[in-house]
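Reader: I'd love to walk through this model with you, starting from one side chain and working out to the pockets and cores. Shall we take it step by step?

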Amino acid sequence: MLFDPTLICCPTSMPVEIERKFLVASDAWREGASGTMMKQGYLARDPDRTVRIRIAGENAFVTIKGRRSGLARDEFEYAIPLSDAEELLRLCLPPLIEKTRFIVLHAGNRWEVDEFYGDNAGLIVAELELPSEDAAFEKPSWLGAEVSDDPRYFNSRLAQHQFKDW
């Protein structure tokens, strides 16, 4: 095979996730929300990096996230074959996280509302990804307290310290 320099990708910046996270104060978000069952586990979960395997419906992904700096952190996500994800989940640190992710549109924003099951049952968290840490957005009436800076609500932490034990 000949070398093709057009196949080399050299991005000028790394992908960054900027996310605000809130507790949910009421069920008003449920009207018209569509949900996808998710199962996920962690191959690595320490403050400097997490490596997550996720099955979302019939799709599967591997995600690598770096250490947070404020609300931002590096994030790389790649689709993988569902059969690979099923095998990789067996290698993940126990326990796995199970939840349904609902997509809720509000004031031009796409909220992701996660309803957790198993040992995290009773926890419902809403997340919003933003283009910058100071981006303005309209809060829906069903939002509760912001928990963006509380590490207990990170999915990787919920896999270690379940909501039922708080």
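Reader: Which backbone oxygen lies 3.0 Å from a polar atom of the side chain of R68, within the loop or beyond it, and what else does that side chain reach?

Author: Keep in mind that this is a predicted model. R68 sits in the loop between β4 and β5. Its side chain has a polar atom 3.0 Å from the backbone oxygen of S148. A polar atom of the R68 side chain also lies 3.0 Å from the backbone oxygen of G70.

Reader: Thanks! Is R68 buried or partly exposed?

Author: The cut-off for buried is under 20% relative accessible area. R68 has 21% relative accessibility, so the residue counts as partly exposed.

Reader: Which residues does R68 touch, not counting residues up to four places away in sequence?

Author: Contact here means heavy atoms within 4.5 Å. With residues up to four places away in sequence set aside, R68 touches R73, S148, D149 and F154.

Reader: And what separates the C-alpha atoms of R68 and D48?

Author: Along the chain, R68 and D48 are 20 residues apart. In space, their C-alpha atoms are separated by 8.0 Å.

Reader: Let's move to R49. Where is it, and which residues does R49 touch beyond four places in sequence?

Author: R49 has its place in strand β3. With a relative accessible area of 42%, R49 is partly exposed. Not counting residues up to four places away in sequence, R49 touches A44 and K65.

Reader: K65 makes me curious about E75. Why does E75 count as buried?

Author: E75 lies in strand β5. Buried means under 20% relative accessible area. E75 therefore counts as buried, at a relative accessibility of 17%.

Reader: What joins the side chains of E75 and K65?

Author: Leaving aside neighbours within four places in sequence, E75 is in contact with P15, E17, T63, I64 and K65. Between the side chains of E75 and K65 there is a polar contact of 3.4 Å.

Reader: On to the empty space: how much lies in the largest pocket, and which residues are closest to its centre?

Author: The largest pocket holds about 360 Å³ of space. It is lined by 24 residues, and those closest to its centre are R52, R54, K65, E75 and R101.

Reader: How do the residues of that lining divide by class?

Author: Elements giving two or more residues to the lining of the largest pocket include β3 (49–56), β4 (59–66) and β5 (72–79). By class, this lining divides into 5 nonpolar, 6 polar and 13 charged residues.

Reader: What about the second largest pocket: which residues are closest to its centre?

Author: About 240 Å³ of space lies in the second largest pocket. Of the 14 residues that line it, the closest to its centre are D46, P47, T50, F154 and S156. The elements that give two or more residues to this lining are β2, β3 and α2. Its classes come to 3 nonpolar, 4 polar and 7 charged residues.

Reader: Last one: which residues have the most contacts inside the largest nonpolar core?

Author: In soluble globular proteins, nonpolar side chains tend to be buried together. The largest nonpolar core here has 18 residues, and β1, β6 (93–106), β7 (109–116) and β8 each give two or more of them. Those with the most contacts inside this core are V24, W29, W111, V113, A126 and W142.

Terms used
Residues numbered from 1 in each chain as written. Predicted model: local features only at pLDDT ≥ 70, side-chain atom pairs only at ≥ 80, totals over all residues. Heavy atoms only, no water. 1 Å grid on protein atoms, 1.4 Å probe; cavity = no way out; pocket = protein on both sides within 12 Å on 5 of 7 lines; lining within 4 Å. Points joined across faces, edges and corners; volume = space filled by probe spheres on them. Nonpolar A, V, L, I, M, F, W, Y, C, P; charged D, E, K, R; others polar. Buried < 20%, exposed > 50% of the residue type's maximum accessible area, 1.4 Å probe, protein only. Polar contact = N/O pair within 3.5 Å; in protein donor to acceptor, adjacent residues only side chain to side chain. Core = buried A, V, L, I, M, F, W, Y, C linked by side-chain atoms within 4.5 Å.
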